[in-house]
Amino acid sequence: MIVDWFEEWKRYRESSHWTQKLKQKGITSEQFWDSYKMADRNEEYDRLAGYPGLILDRMARFAGPDSSVLDIGAGSGAYTIPLAKAARKVTVVEPSKGQVARLMRLADREGLENIEVINKRWQDVDRSELESYSLVNAAYCFHMPDIRPALQKMLDVTTGALFLVALVDHGFADVYEGVFGEKEPEPEYIYLYNVLHQMGYPANVEVMVRRYQIPLEMQMEILRSSYDFTPELEEKLMDRLAATGRLVKRENGVWVKRTYKDGMIWYQKD
Ligand SMILES: C[S@@+](CC[C@H](N)C(=O)[O-])C[C@H]1O[C@@H](n2cnc3c(N)ncnc32)[C@H](O)[C@@H]1O
C-alpha cells in the first residue's frame, strides 16, 4: 500500500492537540503567539534546556560570514540571533507581531542590524519577496496545512541546505495522558521526513537528545499557558512527577527533570 503523506499530514495537523486547542479558544496561531505569556521567559527556558544547542552547530557550515540565511517561524529568535552573529544577513518570516517585537528587542540588545523581517505566514509569502539562501531553517513552526507547496517553496530558495526541526519526543507523554487524559499522536518529524521523501528529497535525519532541569514554577507556568488547572489536577500532576522521580530538590527550590528529543531533518542541495 502506498501512503499519501500529504493527505496524512493534513489529517494529522487537523486532529492535532494544537489545532484543536486553537479552535476551542477561537483564536488564530498568530493571536496565540502574540499573547503567549511564557514568551518573555523563552530565552531563559532555552538556555536551561540547551536549545537549539547542537542543532546550531550542525547548521554552522552553511552560515558563514558571506552567507544569507532564511529563518521561517523564527519566534523570538532562538536561531535568528546566533545565526545573525555568524551570517551576513538573516531574513525572518514570522507572522506574529508579538514575536517579531520580542525578536527585535533581542536583536537591538545584541547590536544586530542584519535582520530583515517579513511579517507573514510562510504560505502567504510570494516567491518574489524572497532571495536565495545558503541556509533555510524552519523549526517548530509547521502550522501549514498544505505542506507540499510549503516545503517546495523552501527547497526552491535553498542553495545550500534546508533544515526542518520537529518534535520526536517531549518526554511528558505519560503526564499528558495520566493527568490531562490526552493521548499522544505520532511525532511530527516522521510526517515531515516522509513528505520530503515522497517529493523526491531523501533527507538526512538526526535525533538530538537534551537532558535538563527547569524550576518547578517555570514548568507550571508553561503548563498553565495550555491547561486550566483545578486543585485536583495540580495534585494529580505533582503526584505523577514525584512518582516518576522527576522532582529534584535543589538549594534554590524544586526543579523538574526533563528529557527532550528534537528531530533534525536536513537536505543538502547538490
Ligand atoms: C514554537 S515557536 C518556534 C520558534 C523558533 N523557530 C524556535 O524553534 O524556537 C513557533 C513560531 O512559528 C510561527 N509560525 C507558526 N505557523 C507559521 C507559519 N505558517 N509560517 C511562519 N511562521 C509560523 C509562530 O508564529 C511562532 O512564532
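Two strands are taken to pair where DSSP finds at least two bridges between them. With that in hand, the strand order of this predicted model can be followed bridge by bridge. Strand β6, residues 204-215, and β8 pair in the antiparallel sense over 12 bridges. Within this pairing, V209 stands opposite K261 in β8.

K261 is a handy place to pause, as it also appears on the β5 side. The bridge partner of D169 in β8 is K261, and L167 has D262 as its bridge partner in β8. Both pairs belong with the contact between β5 and strand β8 (residues 253-268), which is antiparallel and comprises 8 bridges. Strand β8 has a further antiparallel neighbour in strand β7, residues 247-250, with 4 bridges between them. Here L247 stands opposite V256 in β8, and the link from β7 to β8 is a hairpin of 2 residues.

Moving across to β5, how many of the 12 residues of this strand are buried? The count is 10 for strand β5 (residues 158-169), so the strand is largely enclosed by the rest of the structure. In addition to its antiparallel pairing with β8, β5 pairs with strand β4 (residues 133-139) in the parallel sense, over 6 bridges. One register point for modelling work is L135, whose bridge partner in β5 is A161. Helix α8, spanning residues 147-156, completes the picture here: β4, α8 and β5 make a right-handed β-α-β unit.

Strand β4 also holds N137. With a relative accessibility of 0%, under the 20% limit, N137 counts as buried. Its side chain is nonetheless provided with a polar partner, for the side chains of N137 and D71 make a polar contact at 3.0 Å. Further along the chain, Y140 lies in the loop between β4 and α8. Although Y140 is not a glycine, its phi is positive, at about 50 degrees. What is the exposure class of Y140 at 29% relative accessibility? Y140 counts as partly exposed, because 29% falls between the 20% and 50% limits.

The ligand site brings several of these regions together. The ligand has 20 residues around it, and those that come nearest are Y51, G73, E94, Q123 and A139. By class, this shell consists of 11 nonpolar, 7 polar and 2 charged residues. Three polar pairs between protein and ligand can be listed with their distances. An N or O atom in the side chain of E94 is 2.6 Å from an oxygen atom of the ligand. On the backbone side, a polar atom of A139 is 2.9 Å from a ligand nitrogen, and a backbone N or O atom of W122 lies 2.9 Å from a nitrogen atom of the ligand. The ligand on its own has 600 Å² of accessible area, of which the protein covers 91%.

Y51, one of the residues that come nearest to the ligand, has a backbone feature worth a look in any setup. Y51 and P52 are joined by a cis peptide bond, with omega at about 0 degrees. P52 is placed in the loop between α4 (42-49) and α5 (54-59).

Key:
Residues numbered from 1 in each chain as written. Predicted model: local features only at pLDDT ≥ 70, side-chain atom pairs only at ≥ 80, totals over all residues. Heavy atoms only, no water. Near = heavy atom within 4 Å. Polar contact = N/O pair within 3.5 Å; in protein donor to acceptor, adjacent residues only side chain to side chain. Areas by Shrake-Rupley, 256 points an atom, 1.4 Å probe, with all protein chains shown as cover. Nonpolar A, V, L, I, M, F, W, Y, C, P; charged D, E, K, R; others polar. Buried < 20%, exposed > 50% of the residue type's maximum accessible area, 1.4 Å probe, protein only. Right-handed = clockwise from strand over helix to strand, strands pointing away.
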